[in-house]
Amino acid sequence: MISLSKQTIFLLVLLLGAAMSWWAMSITEPSPDSFTASKEGPDHFMVNFTATKLNDSGKPEHRLQAERMTHYPNEKHSDVIKPQVIFFKEDGNTWIAEAKQGKVLGDGKEVILMDDVNIVRPGTPETKVTIVTKNLRVVPKENFAETKNNIVMQQNENTVTATGMEAYFTIGKIQLISEVRGWYVQ
């Protein structure tokens, strides 16, 4: 029978423990190449961002900005917090649509504004227009937005309510779909 001293046994146990630790670290420690985005989760985010689309003459056509955007590659959309879409008209006027949250679909081809959507055409008290609704589908490339929800539109002291709306921002056309009622102050 082989007789080992206490020192030799201790040294063998120590070497075996070190070898097992090295082996365990080599299996669990990720390599730098293994850091890729999860298919289920986001792959990137931006904070306080602005994206502006210019027309052929280099003037702003529309702008999307938000406090935060989180991109989900598997679902092909981005969630946005406090999004704002600004449409620039040729005459220098703007339309601004904003909400508490939204989604950007298909590389910005569509923007869905959700939760207390406000649309404003700034101006004097007589020319300013404000529209309030719940959900708004925006197609930035076409300067178009629509909702099937109820809307309340105010200009000066006049109020119009309706169910459903289509808005063509560059030409300033608002089409109300159904159940249109108005209150006018003379």
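1. A salt bridge is taken here as a side-chain nitrogen of Lys or Arg lying within 4 Å of a carboxyl oxygen of Asp or Glu, and by this rule the count in the predicted model comes to six salt bridges. Side chains of opposite charge can pair when their charged atoms come close.

2. On confidence, the mean pLDDT of the protein is 82, and 80% of its residues reach 70 or more. The elements do not share this evenly, since helix H1, covering residues 6-28, has the lowest mean pLDDT among them at 63, whereas strand S9, covering residues 144-155, has the highest at 94. Over residues 29-38 the pLDDT stays under 50, and for this stretch the model has three contacts beyond four places in sequence. A reader who works from the coordinates may wish to keep helix H1 and residues 29-38 in mind when going through the points below.

3. As to the overall make-up, the protein has one helix and 11 strands, and the order from the N terminus is α-β-β-β-β-β-β-β-β-β-β-β, with the helix ahead of the strands. Of the 186 residues, 28% are buried. The accessible surface comes to about 12700 Å², and carbon and sulfur atoms account for 56% of that area. Among contacts between residues at least 6 apart in sequence, 34% join residues at least 24 apart.

4. Which strands do Asp79 and Lys103 link? The side chains of these two residues meet in a salt bridge, with an N to O distance of 2.7 Å. The pair links distant parts of the chain, 24 residues apart, with Asp79 in strand S3 (residues 77-81) and Lys103 in strand S6 (residues 101-105). Both ends are partly exposed, because the relative accessibility is 25% for Asp79 and 28% for Lys103.

5. Arg137 takes part in two of the listed pairs, one with Glu110 at 3.2 Å, N to O, and one with Glu146, where the closest N and O atoms are 2.5 Å apart. In the pair of Arg137 and Glu110, the arginine lies in strand S8 and the glutamate in strand S7 (residues 110-121), so the salt bridge ties together parts that are 27 residues apart in sequence. Arg137 counts as partly exposed at 28% relative accessibility, and the partly exposed class also holds Glu110, at 25%, and Glu146, at 24%. Elsewhere, salt bridges that share partners join Lys100, Asp116 and Lys134 into one network.

6. The pairing around strand S9 can be followed from one neighbour to the next. Strands S8 and S9 run antiparallel and are joined by seven bridges, and Thr130 has Gln154 as its bridge partner in S9. Strand S9 is also joined to strand S10 (residues 158-168), again in an antiparallel arrangement, by 10 bridges, and here the partner of Gln154 in S10 is Thr159. Gln154 is therefore bridged on one side to Thr130 and on the other to Thr159.

7. Most residues other than glycine have a negative phi. Against that background, the backbone of Asn143 deserves a check, as its phi is near 50°, a positive value in a residue other than glycine. Asn143 is found in the loop between strand S8 (129-139) and S9, a hairpin with four residues between the strands. Is Asn143 buried or exposed? With a relative accessible area of 6%, Asn143 is buried. The hairpin of S9 and S10 has two residues between its strands, and there Asn156 takes a positive phi near 60°.

8. Glu179 also has a phi near 50°, positive in a residue other than glycine, but the setting is a strand, S11, which spans residues 173-183. Because its relative accessibility is 54%, Glu179 counts as exposed.

9. Finally, Thr94 lies in strand S5, residues 94-98. Which residues does Thr94 touch, not counting those up to four places away in sequence? The list consists of Ile86, Phe87, Phe88, Val120, Arg121 and Pro122. Thr94 counts as buried, because its relative accessibility is 18% and the cut-off for that class is under 20%.

How values were computed. Residues numbered from 1 in each chain as written. Heavy atoms only, no water. Buried < 20%, exposed > 50% of the residue type's maximum accessible area, 1.4 Å probe, protein only. Contact = heavy atoms within 4.5 Å. pLDDT = per-residue confidence, 0-100. Areas by Shrake-Rupley, 256 points an atom, 1.4 Å probe, with all protein chains shown as cover.
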